[in-house]
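Here is a walk through a protein chain, written for someone who likes the cut-offs stated. Have the model open beside the text as you read.

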Amino acid sequence: AKVIYNLNANCQQNETILAGEGFNSEITVESVDWGRRRVNTVNDSTIIIVNNGSLPAFIDSIRTSSGEAAFELDLPAFPIEIPANGRFSLPVRFRPGINENIYSDTILVTVRQSETQIRRTLSGTGVRPQIEVVDWDCGRPFTIKGDTSIGTLTLRNASIFVSTKVDSIV
């Protein structure tokens, strides 16, 4: 671009030439879907941020939109510099609570050279085993004090998503 100054003087016309390149960030961010995970567990993954551009890019912030407690970001110090054609790995954790639930949040990535935030989805579903008593037999109808009677108990996990292990029955 060229800026010309008209000074209304009998001197020559003054001008300034502005030279430079525009920058179009080519940052991509992956969404993460953990699918179905057992409640009350820790599930680690990684969000990959890729700079497909020919110049370095700077990430000024990364956060979730709602702060959903089931998702934890392991954030570094900012800004993050991602070299041209480089990538950055952001550790992220999904911890479904103790009850079955569908969890979702939006990750917001602010790129210094961009006017808008990049938005991607974090999602996962907390599931639990579904224990059913199928059959039981308590053994003899009466057991004398101090004696033992052997019975049977049959349990079934009706969940098609989560395995379980029974350590003891009290």
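In this predicted model, I107 stands opposite R120 in β11. The two strands involved are β10 (residues 101-111) and β11 (residues 118-127), which pair in the antiparallel sense over 9 bridges. Strands here are DSSP runs of E with at least two residues, numbered from the N terminus, and two of them pair if DSSP finds at least two bridges between them.

Before going further, a word on conventions: residues are numbered from 1 along each chain as its sequence is written, and side-chain values use heavy atoms, with hydrogens and water left out. Because the model is predicted, local features need pLDDT of at least 70 and side-chain atom pairs count only at pLDDT 80 or more, while totals for chains, interfaces and linings use all residues.

Strands β10 and β11 belong to an open sheet of 5 strands with the order β4-β11-β10-β6-β8 and mixed pairing. Its edges are β4 (32-38) and β8 (80-82); each has a single partner strand, so one side of each is left without a neighbour in the sheet. On average, neighbouring strands of this sheet are turned by 30° against each other, direction ignored. The strand axes behind such angles are lines fitted to C-alpha atoms, and angles run from 0 to 180 degrees between N-to-C directions.

Another open sheet has 4 strands in the order β3-β5-β9-β7, with antiparallel pairing. Here β3 (27-29) and β7 (71-73) are the edge strands, each pairing on one side only, and the twist averages 25° from one strand to the next. Within this sheet, 8 bridges join β5 (residues 43-51) to β9 (residues 87-94), and 3 bridges join β3 to β5. Some bridge partners and facing residues are listed below.

| Residue | Stands opposite or bridges to | Strand of the second residue |
|---|---|---|
| N43 | F94 | β9 |
| D44 | R93 | β9 |
| T28 | V50 | β5 |

Is N43, a residue of strand β5, buried or exposed? N43 counts as buried because its relative accessibility is 11%, where buried means under 20% relative accessible area, exposed over 50% and partly exposed in between (1.4 Å probe, protein chains only). The side chains of N43 and T41 are joined by a polar contact of 3.0 Å; that term covers a pair of N or O atoms within 3.5 Å, where within protein one must be able to donate a hydrogen and the other to accept it, and residues adjacent in sequence count only if both atoms are side-chain atoms. Leaving aside residues up to four places away in sequence, N43 touches W34, R37, V92, R93, F94 and P96, with contact meaning heavy atoms within 4.5 Å.

Next comes the nonpolar core, a set of buried Ala, Val, Leu, Ile, Met, Phe, Trp, Tyr and Cys residues joined through side-chain atoms within 4.5 Å. The largest one has 24 residues, of which I47, I49, I62 and L122 touch the most other members. Beyond four places in sequence, the residues that I47 touches include L73, F88, I107 and L122.

Finally, the whole chain: there are 0 helices and 13 strands. The radius of gyration, taken over C-alpha atoms, is 30 Å, well over the 15 Å that the globule rule (2.2 Å times the number of residues to the power 0.38) gives for 170 residues, so the chain is more spread out than a compact globule. Its C-alpha atoms fill a box of roughly 125 × 25 × 25 Å along the principal axes. Buried residues make up 26% of the 170 residues.
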